[in-house]
Amino acid sequence: MSSIDRSHTVDVKRTYEVRTYGCQMNVHDSERLSGLLEDAGYVRAPEGADGDADVVVFNTCAVRENADNRLYGNLGRLAPKKASRPGMQIAVGGCLAQKDRDTIVKKAPWVDVVFGTHNIGKLPVLLERARVQEEAQVEIAESLEAFPSTLPTRRESAYAAWVSISVGCNNTCTFCIVPALRGKEKDRRTGDILAEIEALVGEGVSEITLLGQNVNAYGSDIGDREAFSKLLRACGSIEGLERVRFTSPHPRDFTDDVIAAMAETPNVMPQLHMPLQSGSDTVLKAMRRSYRSERYLGIIEKVRAAIPHAAITTDIIVGFPGETEEDFEQTMHVVREARFTQAFTFQYSKRPGTPAATMDDQIPKEVVQARYERLVALQEEISWEENKKQVGRTLELMVAEGEGRKDGATHRLSGRAPDNRLVHFTKPDQEVRPGDVVTVEITYAAPHHLLAEGAVLDVRRTRAGDAWEKRNAEQAAKSAGVMLGLPTVGVPEPLPVVTGGCAVD
C-alpha cells in the first residue's frame, strides 16, 4: 500500500469527532484514533459538535444484541448532514466493523471507511484513499498488524493514562464474542510496557491503569505464569508513579503471587475488579467460565486477608439461558458472602455469533427483569453498608475532573480514594487542580459515593497537576489561534464496566 501523497494532506482546520462505545479497550483505541488523526493534520471538533465535524468516526462495540441497531440509527441521523456537506466523511471501526464488514456499506452506503480491530493505524490512509477515489474503502485485517501502543495517542487526561499490556483473549466464554473479533491473546514485551509507563510519568502522569481483555493472563503468550505479578512489582520501582490499577482480571488466572504483589507494592492500589458473572456452578459451567463459586470466594478471602481495606467490584449477568430460580439464588448468596463495594449488573443479552445465543431455555424477559431488580436492590443495600464503614476515615484523594456533575452547584470538588471510591469534598480556599492530592475526613456515605463535608486537611500540589495546568493553557492558546473550541480534559472512567472482557454500551 502506497503512502499518502503529502500534497493531499488535510487542511489544519479540518475537524474530527470520535464516538466511542463499549469497554475501556475501545476508549483507549479511540485515544489512538484521535492521535492518528491529529498526527495527520486534523483538529478535534468543539465539544458537542454532534456530527458537525468534517470526519466522524464510530468506534463500535458488538457486545449487546442491539449494537447494530444503535450504529445504523446513528448513521441514519448523519446521512442528511453528509448530503448537505460536501467533503464530510464517516468511518466505522471497532468490534462491530470487524464482525459486519461489507454489511455496513451495504446498509449505509454513505459510509466512507470501514476498518477493524486489527488495523486502526490505517484510518488516515483509508480516509485519504476514499476521498481521492470517491468510493468507500473497506479494509479488515484478520490479525494484528502492529501493537496499537506504537501508534500516536491523544490522551484524554493529563494525569491518568491507560496502558495496554495485551490484546485479544484465549477464553471461550459462551456469551462473549470478543475473542472472535479481537483474536487470540498477544502480549507486549515487559520492557516496552515499562518504557511507555516511564515516558507517561515523565509527561506528568501519576496514575496508570494496565489494560487487557484478560489482564492477569499476561505472560501466557511469552511463557511466564508469573509475568503479571512481576510487572506489578516493576511498576512499584518507577519514581513518580503514585497509583497503579488494572482491569479486568479473570478468576481462573488469579494466583497467589498476584495477591502478594498487590499487597507488597505500595503504589498498586487496594482495589480489585473481578467479574463473577454468576454464583451458580451450573451456570458458570454453561458459560464456560473455568472456576466455580467456591474458588471465587476463596480468592476474595485471600485478597482481604492480605489487603484488609481492599474494595472489590464485579460484573454479574442475570438471566443466562437455562438459569433457574435456584441458580439465581446461588448468585444472591455469593453476593451476600462477597460483599462487593459495587456490582455492574446486566440482563443477559444475545451476542450474535456466540454459542449462548442459540442455547435452549432462553429466559423470558419479565423473569429476567424481576431477578435483575432483586439483585440490584441487594447490592445497593450492601454498597451502602460498606460505604458507611468509611465514615470517620482520613483518605488521600486524587482530584478528578468531570466526576462530580453537581460540584458547581454544591461548591465541592471530586476525587478518587486509593480504593477508587468516588468522594465529593468541600472546595478549599486555595487552588486545587485535577491531579493534585488532598487529604480529607469522610463524614457521610451514600451507596455510590462518599462526602467529606469538613475543611480539607491538606493539599499537595503535584507534577500531575502541573501537567493538567500546562495542557489546559496550551489548549486555550491553540483554541484562540484556530478559533475552535476544544473539549475539556477528563480522566478515564476508573472502574471497568465490563462483561467477560468487554463493556456494555
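This report walks through the domains, a helix pair, the salt bridges and two backbone details of a predicted model.

## Domains and their interface

Let's start with the overall layout. The domain assignment splits the protein chain into domain 1 (15-139), domain 2 (148-386) and domain 3 (393-476). Taken over C-alpha atoms, the centres of domain 1 and domain 2 lie 28 Å apart. Their contact draws 27 residues from domain 1 and 24 residues from domain 2.

How much area do domain 1 and domain 2 bury between them? The figure is about 2400 Å², with 59% of it on carbon and sulfur atoms. If you are looking for salt bridges across this interface of domain 1 and domain 2, the rule finds zero.

## A helix pair: α8 and α9

Two packed helices are described by the angle between their axes and the distance between the axes. For helix α8 (residues 227-235) and helix α9 (residues 256-264), the angle is about 5° and the axes are 8 Å apart. Angles under 35 degrees count as roughly parallel, so α8 and α9 are roughly parallel to each other.

On the α8 side, the contact is made by Phe 228, Ser 229, Leu 232 and Arg 233. Helix α9 brings Asp 257, Val 258, Ala 260, Ala 261, Met 262 and Glu 264. Sorted by character, the residues of this contact of α8 with α9 comprise six nonpolar, one polar and three charged.

## Salt bridges

Side chains of opposite charge can pair when their charged atoms come close. A search of the whole structure turns up 30 salt bridges.

Here is one you can find by eye: the side chains of Arg 371 and Glu 325 form a salt bridge, at 3.5 Å from N to O. Which parts of the chain does this pair link? Arg 371 sits in helix α13 (residues 365-388) and Glu 325 in helix α12 (residues 325-338), so the pair, 46 residues apart, links distant parts of the chain.

## Backbone details to check

Most residues other than glycine have a negative phi, and most peptide bonds are trans. Two places in the model are worth a look with that in mind.

Thr 247 and Ser 248 are joined by a cis peptide bond, with omega about -5°. Ser 248 is placed in the loop between β11 (243-247) and α9, the helix that packs with α8.

Arg 339 has a positive phi, near 50°, in a residue other than glycine. You will find Arg 339 in the loop between α12 and β14 (342-347); helix α12 also holds Glu 325 of the salt bridge with Arg 371.

Conventions. Residues are numbered from 1 along each chain as its sequence is written. This is a predicted model: local features need pLDDT of at least 70, side-chain atom pairs count only at pLDDT 80 or more; totals for chains, interfaces and linings use all residues. Side-chain values use heavy atoms; hydrogens and water are left out. Axes are lines fitted to C-alpha atoms, for helices over the stretch in contact, and angles run from 0 to 180 degrees between N-to-C directions. Helices (H or I, at least four residues) and strands (E, at least two) are DSSP runs, numbered from the N terminus. Angles under 35 degrees count as roughly parallel, over 145 as roughly antiparallel, 65 to 115 as roughly perpendicular and the rest as oblique. Contact means heavy atoms within 4.5 Å. Ala, Val, Leu, Ile, Met, Phe, Trp, Tyr, Cys and Pro count as nonpolar, Asp, Glu, Lys and Arg as charged, and the others, Gly among them, as polar. Domain bounds come from an automatic or database domain assignment. Buried area is the accessible area (1.4 Å probe) that two parts lose on being put together, summed over both. A salt bridge is a side-chain nitrogen of Lys or Arg within 4 Å of a carboxyl oxygen of Asp or Glu.
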